Amino acid sequence: MRRLALSLILLLFCGAVAAEQVSPSKTATATPPKPAAKPAPKKPAPKSPIARELFGAAPGPAPLAARAIGSYAKGCLAGGVSLPINGPDWQVMRLSRNRNWGTPQLLDFLERLASDARAFDGWPGLLIGDMSQPRGGPMLTGHTSHQVGLDADIWLTPMPDRILTPQEREDMIAESMLKDPFSVDPNIFTLMQVKLIRRAALSPQVARIFVHPAIKKALCQQASQVSKDTSWLGKVRPWWNHHYHFHVRLACPPGMAGCENQKEVSGDNGCGQELTTWYAMIKKAAIEMAKPPVPGAKPWVGKPPLTMAQLPKECGTVLTSGGFEPPIPKEGDVPAALKAMATKDAGPPIPVLTAAQLQALADGADPGGMPLPDRNPKR
Ligand SMILES: [Zn+2]
């Protein structure tokens, strides 16, 4: 019965999507215009279910051919496969999150990166953070992307030379690469990490890599110490929060219908104006974070969560295939298991400015204490 109710809700929205796609010009030429009829009284539009609560509850994959459907931040995953939690040169972290799922292409990529990084760069092994949920889709916590089985977070902490227990994989805190909000700690972020990120970026399957702006800056400064060709830098983009891990995003595998690529990165290496703009943003953020909280201030609320109607039509099938009956959450009700997961944070906090650093910034010091690059170096 519950299933029927949900199927009806999903059908309603899939229908709505299909109806939107009819081209008005074609229908208009077929029939002459009719005299305007009295408009029917408007029924309130039915509410589309919040997608993250449904996808977040799916314990296993959709038994369909493997496909990334939609775009990185608005899609789902059919026929997802799970990365084994232990490999010859990788271990999956935070097993309770059940987010080690992806397309077969993502698994192949990670296994290859793990083995190449060890063989050629001396990186002892990968600690793998979040990939996708078994059926992809939006997550209750932590990410806007990672929805189609083509994104993976990889820790910048080297893998220990023993198999971690499940409990250690829950509790171990990743190490931040930052010494302060604007610069990496050279004792922690070394050429080892530069080589690892470079190795990932060199793969033709990789569309983008996301790192904290301070890590991007360090890469710009150190890339030429690893090899003469630094053209891979263009794929590495600054983003918030990626100070203890880097995020690899694969392009849609060739010929995968319904998988939407992002625009390709430009030829710019991103070490000039883009980095300067990011530094202005993180400076502002660091100053805000150092301020004492204003009593009674409203907490920051992000965008409203995606509804099923906003996802590609096929994601309704992906959600319920194989007989999975997602729970129908009541208004504002988040399943207890998901709520528990939300409290398990994956990483360490970003360092906060000290009073002295804050004063120095106010006096006009450069964030990070070194002059920022203001133009692209000649390549
Ligand atoms: Zn990420």
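Glu168 is partly exposed in this predicted model, with a relative accessible area of 25%. Its side chain meets that of Arg162 in a salt bridge, with 2.8 Å from N to O. Arg162 is also partly exposed, at a relative accessible area of 43%. Both values lie between the 20% and 50% limits, so neither residue of this pair counts as buried or as exposed.

This pair belongs to a wider set: a search of the whole structure finds 10 salt bridges. Three of the pairs are listed here.

| Acidic residue | Arginine | N to O distance |
|---|---|---|
| Glu168 | Arg162 | 2.8 Å |
| Glu274 | Arg237 | 3.3 Å |
| Asp130 | Arg97 | 2.9 Å |

In the second pair, the side chains of Glu274 and Arg237 meet in a salt bridge of 3.3 Å, N to O. Glu274 sits in helix 8, which covers residues 273-290, while Arg237 is part of strand 12, so this contact ties together parts that are 37 residues apart in sequence. The two partners fall into separate accessibility classes. Glu274 has 22% relative accessibility and counts as partly exposed. Arg237, at 17%, counts as buried, because the limit for buried is under 20%.

The third pair joins Asp130 to Arg97, and the closest N and O atoms are 2.9 Å apart. Here, too, distant parts of the chain are linked: Asp130 is in the loop between strand 7 (126-128) and strand 8, and Arg97 is in the loop between strand 5 (90-92) and strand 6 (101-102), 33 residues apart. Both Asp130 and Arg97 are buried. The two residues are also part of a network of salt bridges that includes Arg99.

The model also holds a zinc ion, whose protein donors are Asp153 through OD, His242 through NE2 and His247 through ND1. These donors lie 2.3 to 2.5 Å from the ion. Their spacing in sequence is D-x88-H-x4-H. Asp153 and His242 come from distant parts of the chain, 89 residues apart: Asp153 belongs to strand 8 (residues 151-155), and His242 to the loop between strand 12 (236-238) and strand 13 (245-250). Asp153 counts as buried at 6% relative accessibility. His242 is buried as well, with a relative accessible area of 9%.

Strand 12 and strand 8 each appear in more than one of these descriptions. Strand 12 contains Arg237 of the salt bridge with Glu274, and it also borders the loop that carries the zinc donor His242. Strand 8 contains the zinc donor Asp153, and it borders the loop in which Asp130 lies.

Definitions and conventions: Residues are numbered from 1 along each chain as its sequence is written. This is a predicted model: local features need pLDDT of at least 70, side-chain atom pairs count only at pLDDT 80 or more; totals for chains, interfaces and linings use all residues. Side-chain values use heavy atoms; hydrogens and water are left out. Donors are N, O and S atoms within 2.8 Å of the metal (3.2 Å for Na, K and Ca); water is not among the atoms, so sites may look incomplete. Helices (H or I, at least four residues) and strands (E, at least two) are DSSP runs, numbered from the N terminus. Buried means under 20% relative accessible area, exposed over 50%, partly exposed in between (1.4 Å probe, protein chains only). A salt bridge is a side-chain nitrogen of Lys or Arg within 4 Å of a carboxyl oxygen of Asp or Glu.
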